[in-house]
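Welcome to this short tour. Keep your viewer open and follow along, one selection at a time.

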Amino acid sequence: MNQCPHCHRTDQQVKNGKTVAGSQVVKCKVCNRKYVPQPLPAGHSVATRQQAIRLVLDGNSQRQAARHLGVANWLKAYADGLPPTLPGPDGPVEVAEQDELFTFIGEKKTKSTS
Ligand SMILES: [Zn+2]
């Protein structure tokens, strides 16, 4: 049973979606506040992060990789902190992939379709 950290009730605690890291969010219907009773200690696992990076470097867009693995926020943060040139054995290819990352960052505003 989850206990609300604000009013310390254990009843009327309902599930309310999940955080970007995949932790269960619980909403207290007594005080209407949300909390995460068991947050993941480090968010995504190292394996998941490496897989996300690999997907991007293999030619998937960052958006595709993030959607596939559910790591959108983390991957965006990683991309924002990318060095000007990615280290790697395949120079020209890495540059092409990095362009894709920057393109995604530049287009993060939702576009009107009309
Ligand atoms: Zn509460």
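Start by selecting His8, which sits in the segment before strand S1. Keep in mind as you look around that this is a predicted model.

Is His8 buried or exposed? Count the other C-beta atoms within 10 Å of its own and you get 10. A residue with 12 or fewer is called exposed, so His8 falls in that group.

Now check the backbone of His8: its phi is near 65°, a positive value, and His8 is not a glycine. That deserves a second look, because most residues other than glycine have a negative phi.

Next, select Gln12, again in the segment before S1. Its phi is positive too, at about 60°, although Gln12 is not a glycine. How many other C-beta atoms lie within 10 Å of Gln12? There are 12, so Gln12 is exposed.

Move on to strand S1 by selecting residues 13-18. Then add strand S2, residues 24-28. These two strands run antiparallel, and 4 bridges join them. For one pairing to look at, pick Val14 and find its bridge partner in S2, which is Lys27.

Finally, add strand S3, residues 34-35. What order do the strands take in the sheet? The 3 strands form an open sheet, arranged S1-S2-S3 with antiparallel pairing. S1 and S3 stand at the edges and have a single partner strand each, so one side of each is left without a neighbour in the sheet.

Note on methods: Residues numbered from 1 in each chain as written. Predicted model: local features only at pLDDT ≥ 70, side-chain atom pairs only at ≥ 80, totals over all residues. Pairing = 2+ DSSP bridges. Buried ≥ 20, exposed ≤ 12 C-beta atoms within 10 Å, placed from the backbone.
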